[in-house]
Amino acid sequence: MKQLIETIVKPLVDFPEDVQVNVNEEDQRITYHLTVNKTDMGKVIGKQGRVAKAIRTVVYAAGSSQQKKIFLEIGE
């Protein structure tokens, strides 16, 4: 899942080397923390959050087979 997020996000940004995905796994949930360069935040979020929503939709669909709830947080 971590590699899927990186594969989706890296072509969108100007600084792909700054893209990092950290995983926090708990009992009933897995949280992926996506970190990008400060100047790339607008590109990852998109107009009215459309790009971020699309990324989350793909990640949630790919993780639907797992028994845990998946969350994606985007930050600088």
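**Close-up views of the predicted model**

**View 1. Ala-62 is partly exposed in this predicted model.** Its relative accessible area is 42%. That value falls between the limits of 20% for buried and 50% for exposed, so Ala-62 counts as partly exposed. Helix α3 carries Ala-62. Beyond its neighbours within four places in sequence, Ala-62 is in contact with Met-1 and Leu-4. Ile-74 is 12 residues from Ala-62 in sequence. In space, the two C-alpha atoms are 18 Å apart.

**View 2. Three strands make an open, mixed sheet.** The strand order is β1-β2-β3. β1 (20-25) and β3 (69-75) are the edge strands, and each pairs on one side only. On average, neighbouring strands of this sheet are turned by 20° against each other, direction ignored.

**View 3. β1 and β2 pair in the antiparallel sense.** Strand β2 covers residues 29-35. The pairing with β1 runs over 6 bridges. Glu-25 stands opposite Ile-30 of β2.

**View 4. Asp-18 sits in the loop between α1 (2-9) and β1.** Is Asp-18 buried, exposed or partly exposed? Its relative accessibility is 30%, so Asp-18 counts as partly exposed. The side chain of Asp-18 makes a polar contact with the side chain of Asn-37, at 2.7 Å. Leaving out residues up to four places away in sequence, Asp-18 touches Thr-35, Val-36 and Asn-37. Gly-42 lies 24 residues from Asp-18 in sequence. Their C-alpha atoms are 15 Å apart.

**View 5. The largest nonpolar core has 15 residues.** Those with the most contacts inside this core are Ile-5, Val-9, Tyr-32, Leu-34, Val-36, Val-44 and Leu-72. Which elements give two or more residues to the core? They are α1, β2, α2 (41-45), α3 (50-62) and β3. β2 gives the most, with 3 residues.

**View 6. Val-36 touches both Asp-18 and members of the core.** Val-36 is one of the core residues with the most contacts inside the core. Residues up to four places away in sequence are again left out of its contacts. Val-36 then touches Val-9 and Val-44, which are also listed among the residues with the most contacts inside the core. Asp-18 and Val-19 are further partners of Val-36. Met-41, Gly-75 and Glu-76 complete the set.

Key: Residues are numbered from 1 along each chain as its sequence is written. This is a predicted model: local features need pLDDT of at least 70, side-chain atom pairs count only at pLDDT 80 or more; totals for chains, interfaces and linings use all residues. Side-chain values use heavy atoms; hydrogens and water are left out. Two strands pair if DSSP finds at least two bridges between them. Helices (H or I, at least four residues) and strands (E, at least two) are DSSP runs, numbered from the N terminus. Axes are lines fitted to C-alpha atoms, for helices over the stretch in contact, and angles run from 0 to 180 degrees between N-to-C directions. Buried means under 20% relative accessible area, exposed over 50%, partly exposed in between (1.4 Å probe, protein chains only). Contact means heavy atoms within 4.5 Å. A polar contact is a pair of N or O atoms within 3.5 Å; within protein, one must be able to donate a hydrogen and the other to accept it, and residues adjacent in sequence count only if both atoms are side-chain atoms. A nonpolar core is a set of buried Ala, Val, Leu, Ile, Met, Phe, Trp, Tyr and Cys residues joined through side-chain atoms within 4.5 Å.
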